[in-house]
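Here are a few short exercises to work through with the structure open beside you. Try each task before you read its solution.

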Amino acid sequence: MSSILAIDSGNSNIKWGLYSDNQWLKQGNVFYKNVSILENEFIKLSQPTFVIISHVARDETKNQINNLVSHWSTKPQWLCASRFRCSVINGYTNPSQLGSDRWAALIAAWEIEKKPCLVISTGTAVTIDVLSKSGKFLGGVILPGFHLMTKSLLAGTHLASIELGSYEDFPVNTDNAIQTGILHCILGAIDRMYNLLLSNANLVSANCIISGGNASLLIPFFKLPIKVINNLVLEGLIIVANDALKNSESNFLL
């Protein structure tokens, strides 16, 4: 039975999953500094038929992952965004400049929706990307995530420390003011991109596909149509891998 090992190597975490017979057999998630832990996980796995990897961060981590999968004879395929893949058109001026994680997420979102939508990732950074009715990635925005915004305040002000606050309509302490302000920044950007999508596509409504480690912080405040998809990048990697296996392609990846 064929199997696919998908690895999503992001800025902070490395998520992975083994997929076979239309289902996930196993999934895991480690902080990037603990990448060596994966050796104990991977050594228990039978050799996968296909290994596909999205990597967007440091070269050191890429080398570590490459070493971990090298004990299999299966050559790993490192995803790179292209002009077109799996019915999605990449509207970036330089298609390869688009992060492989965003590309995989867009492919997964289109497979889910097949219509205009926002694709939102809430990790170290927040990305808000737009898919058109034809499956074209029109573009998107990148902004700092919760932790990066908090760190920037600590680095650029005289605040001695920042504790995790709570949302208030009218915050009456500093920690809540910061947490509420960050929520407003991210939710406001989502609202703005959503309205631009509706205007561009002449729609009255569209779904927001949201994924990422900090999605749970945003979801209680969402007032837009939403679908929460865990590990959207991994889902996209599987779609790309299955497409490659079906078409006997192996050279479109880096």
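**Exercise 1.** Find the bridge partner of Trp 16 in β3.

*Solution.* Start with the strands, which are DSSP runs of E, at least two residues long, numbered from the N terminus. Strand β2 (residues 13-20) runs antiparallel to β3, and 8 bridges join them; strands count as paired if DSSP finds at least two bridges. Now look across from Trp 16: its partner in β3 is Gly 28.

This is a predicted model, where local features need pLDDT of at least 70, side-chain atom pairs count only at pLDDT 80 or more, and totals for chains, interfaces and linings use all residues. Residues are numbered from 1 along each chain as its sequence is written, and side-chain values use heavy atoms, leaving out hydrogens and water.

**Exercise 2.** Work out which strands stand at the edges of the open sheet of 5 strands.

*Solution.* First write down the order, β3-β2-β1-β4-β5, with mixed pairing. Then check the ends: β3 (23-31) and β5 (77-78) each have a single partner strand, so one side of each has no neighbour in the sheet.

**Exercise 3.** Trace the pairings of β8 and find the partners of Ile 120.

*Solution.* Go to β8 (residues 117-122) and follow the hairpin of 2 residues that joins it to β9. β8 and β9 (residues 125-131) run antiparallel, joined by 6 bridges, and Ile 120 pairs with Ile 128 there. Next, turn to β11 (residues 207-211), which pairs with β8 in the parallel sense over 5 bridges. In β11, Ile 120 has Ile 210 as its bridge partner.

Definitions and conventions
Helices (H or I, at least four residues) and strands (E, at least two) are DSSP runs, numbered from the N terminus.
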